[in-house]
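Thanks, everyone, for making the time this morning. I would like to walk through one model slowly, element by element, and I will give the cut-offs as the terms come up.

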Amino acid sequence: MPDFVGAVDQGTTSTRFMVFDHEGAEVAKFQLEHEQILPRAGWVEHNPIEIWTSTAAVIQTTLQRTRLHDYDLAALGVTNQRETTVVWNPRTGRPYYNAIVWQDTRTDRIAAALERDGRGQVIREKTGLRPDAYFSGGKIQWILENVDGVREAVGRGEAVFGNTDTWTVWNLTGGPNGGVHITDVTNASRTMLMNLDTLDWDDELLSFFGIPREMLPEIRPSAEPEGYGTTFRYGPLGGEVTINAILGDQQAATVGQVCFSPGEAKNTYGTGNFLLLNTGTDRVRSESGLLTTVAYQFGDQPAVFALEGSIAVTGSAVQWLRDQLHIITSAPQSESLARQVEDSGGMYFVPAFSGLFAPYWRADARGAIVGLSRFNNDAHLARATLEAICYQSRDVVEAMQRDSGVVLDVLKVDGGVTSNNLCMQLQSDILGVPVSRPVVSETTALGAAYAAGLAAGYWRDTDELRAHWAEDRRWEPRWSEERREQAYAGWKRAVTKAFDWTQD
């Protein structure tokens, strides 16, 4: 069998390709950022063509730098930013509109209308989600209603939908030259269109959004031994490699953190934060503002479910300090700047740029900085930004404990923000539990590789993957209980100041 497994990680701000060996160790990677298109307040878009060209480029560059070839890869996994919506012409490969990103809020009115007339309860019961601009269904409806000719093109077989997993796999397998139009259960579960009981598109849900079934991809398990297809021989891999796994990014990170047993949880720190708790084959309905989602489905095994707490803006708040305010020149500088002060000087930053997700679900919220005095400076703002990441995570942890009864004794963390050691110490201080970072912090790509390798027989079973997991660093709480609770009470007050800023 070939020596390695590859993974495409198509994320919100960048795309990377990574290669892993049999020990789960990183062999090679290359990453490229893509443009964040912000046409107006609340709108966030990506160029699907740029995403695909970046995907091809990171694959080619990684292989060239390591002198690897397609025949060195036993399998290929794909993971992606979820909910980001693309509609394109399958005959030409041209998108009808930019990809509408998961953070985009233009479909707030669609979600609000669903909530008002009772259809929201149907969505909750069938999908485990709640009506929100976050998910794909409203984005598809918006494109059908606002982009000329798309609805008519669907009837001619000239307009299809996919989140970025579908777009990526379609292009990898040939695009207009026979590309496979599929998605997996984890991505489908983020659309408001898939029924968790049947793991298939639901006609009643489709009718809520006026979406024709024929434009939707086929739903498949997250990993299949025979694969979904092979890469196009004239594509970036330069040959045929079987694609054995597709997982939404947060579900992939759950696999990468080997959270295969009920009660195991992970928190990924990226553009946003996403805490997932494995609930096994039981679908736990949240009463505390969380989502019920598919964690993964391997082959013909039953689907495994999770409770999820989704936070819209965490790492992207640091990016905002860099790109909009220009008080730092790189994301790592946020740590050194924040270390210049001992605390945030009474300042709280609520980064509700796209409203607030779990556990509040307030689409009317917008960003707020409160508690300011003339004493505060840029270092206080940098520290308040890191603290906001951690306070939002505590909000979700507490909601998860109420829903599941599971009290975390340690928080497993991963993602780019975990390289910020101060932020991880603050997370431990604010939660009051240890925080553990694995040796391979990019567990999203690792999880896609694990799923693909398991399906292809490269790894024997999940026990073998557990044996590969290793801790890199652990942070213990330093704050007193009194300080922790006083600081968190201040955060809860600050959050209320972000409410009621939009009237749609």
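Helices, of type H or I with at least four residues, and strands, of type E with at least two, are DSSP runs numbered from the N terminus. In that numbering, Asn-187 is found in helix H7, residues 185-188.

Before I go further, please keep in mind that this is a predicted model, in which local features need pLDDT of at least 70 and side-chain atom pairs count only at pLDDT 80 or more, while totals for chains, interfaces and linings use all residues. Residues are numbered from 1 along each chain as its sequence is written, and side-chain values use heavy atoms, with hydrogens and water left out.

Is Asn-187 buried or exposed? Buried means under 20% relative accessible area, exposed over 50%, and partly exposed in between, with a 1.4 Å probe and protein chains only. Asn-187 counts as buried, because its relative accessibility is 0%. A polar contact is a pair of N or O atoms within 3.5 Å, where, within protein, one must be able to donate a hydrogen and the other to accept it, and where residues adjacent in sequence count only if both atoms are side-chain atoms. By that criterion the side chain of Asn-187 makes a polar contact with the side chain of Asn-80 at 2.8 Å, and another with the side chain of Asp-184 at 2.9 Å. Contact in the general sense means heavy atoms within 4.5 Å, and, leaving aside neighbours within four places in sequence, the residues in contact with Asn-187 include Arg-82, Asn-163, Asp-165 and Leu-247.

Leu-247 also leads us to Thr-79, since the backbone oxygen of Leu-247 lies 2.9 Å from a polar atom of the Thr-79 side chain. Thr-79 lies in strand S5, residues 73-80, and is buried, with a relative accessible area of 0%. Again leaving aside neighbours within four places in sequence, Thr-79 is in contact with, among them, Val-8, Asp-9, Gly-248, Asp-249 and Thr-444.

Let me turn to the helices. For helix H1, residues 48-66, the expected span is 1.5 Å times one less than its number of residues; its 19 residues should therefore span 27 Å, and the end C-alpha atoms are 27 Å apart, which agrees. At the start of H1, a side-chain oxygen of Asn-47 reaches to within 2.9 Å of the backbone nitrogen of Ile-49, and just after the helix Arg-67 takes a positive phi of about 60°. Among the buried residues of H1 are Ile-51, Trp-52, Val-58, Ile-59 and Leu-63.

For angles, axes are lines fitted to C-alpha atoms, for helices over the stretch in contact, and angles run from 0 to 180 degrees between N-to-C directions. The axes of helix H2, residues 108-116, and helix H3, residues 119-127, come within 5 Å and cross at roughly 95°. That makes H2 roughly perpendicular to H3, given that angles under 35 degrees count as roughly parallel, over 145 as roughly antiparallel, 65 to 115 as roughly perpendicular and the rest as oblique. Ala-113, Leu-114 and Glu-115 in H2 meet Arg-119, Gly-120, Ile-123 and Arg-124 in H3.

Now for a sheet, where two strands pair if DSSP finds at least two bridges between them. An open sheet of 7 strands has the order S17-S18-S16-S15-S21-S22-S23, with mixed pairing. Strand S17 (291-296) and strand S23 (471-475) stand at the edges with a single partner strand each, so one side of each is left without a neighbour in the sheet. The twist averages 30° from one strand to the next. S17 is nevertheless mostly covered, with 6 of its 6 residues buried; 5 bridges join S17 to S18 in an antiparallel arrangement, and Val-294 stands opposite Phe-305 in S18. Strands S15 (residues 265-269) and S16 (residues 273-280) likewise pair in the antiparallel sense over 5 bridges, with Phe-274 in S16 as the bridge partner of Thr-268. Helix H12, residues 378-404, lies across S15, S16 and S18, running at about 145° to S18.

I will finish with some backbone details. A cis peptide bond joins Ala-358 and Pro-359, with omega about -5°, and Pro-359 has its place in the loop between strand S19 (348-350) and strand S20 (368-370). Leu-199, although not a glycine, has a positive phi of about 55°.
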